[in-house]
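Let's work through some charged side-chain pairs as short exercises. Grab the structure and follow along.

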Amino acid sequence: MAEQEKEALLRASIRDFPDFPSAGICFRDITPVLKDPNAFSAAIDLFESYLRKNYGNIDVIAGLDSRGFLFGPALAQRFGIGFVLIRKKGKLPGPTESVSYALEYGKAEIEIQTDAVAPGQKVVIIDDLLATGGTMSAACELLKRRNANILVCLVLIELTSLKGADKLQPHQVHSLLKYE
């Protein structure tokens, strides 16, 4: 299947739920992608193709809690590399480093185990959705504190009107699907 066909399959697999979770929000549901092995495989294929074309050497893939955990391990397996977790605070055992970030109404914290990434390792960060960029930006900060080399932030869906990619500068963002 050609890349355009894979992208079309992914786009057709995303369900829209208007006014969820609140009025004026259009929720982009990835559940059908996960349910359909062809659509899921298309997503992993497209991520893999992009990385192979643009990055010669990747040491580890870091996934964001929790939907980055769905795509990251499959992608890491394709490259024969490890996968590390970036989780909500209090969910990882052992020594961790955390960073807090602002939410629309309050604050949140994410963390990584201190031995998850070695200094200088080339890391790809993955999640399902980029909206305002708060969580992804916090993940970049955590990895910078670990002296990792962030290659790119990968997402299945980017909501371009929220300008999350701008918040991630100077880090590169690659999204498979873009919506306003």
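**Exercise 1.** Count the salt bridges, taking one as a side-chain nitrogen of Lys or Arg within 4 Å of a carboxyl oxygen of Asp or Glu.

*Solution.* By this rule you get 16 salt bridges. A word on the input: this is a predicted model, where local features need pLDDT of at least 70, side-chain atom pairs count only at pLDDT 80 or more, and totals for chains, interfaces and linings use all residues. Residues are numbered from 1 along each chain as its sequence is written, and side-chain values use heavy atoms, with hydrogens and water left out.

**Exercise 2.** Work out which parts of the chain the salt bridge between Glu 3 and Lys 53 ties together.

*Solution.* Start with the distance: the closest N and O atoms of Glu 3 and Lys 53 are 3.3 Å apart. Next, place them: Glu 3 lies in helix H1 (residues 3-13) and Lys 53 in helix H3 (residues 37-54), so the pair ties together parts 50 residues apart in sequence. Helices here are DSSP runs (H or I, at least four residues), strands likewise (E, at least two), numbered from the N terminus.

Finally, check exposure (buried is under 20% relative accessible area, exposed over 50%, partly exposed in between, with a 1.4 Å probe and protein chains only). Glu 3 is partly exposed because its relative accessibility is 35%; Lys 53, at 61%, is exposed.

**Exercise 3.** Find the salt bridge partner of Arg 78, and the network they belong to.

*Solution.* The partner is Asp 45, at 2.7 Å between the closest N and O atoms. Arg 78 sits in helix H4 (residues 68-79) and Asp 45 in helix H3, 33 residues apart. Both belong to a salt-bridge network with Lys 6, Glu 48 and Arg 52.
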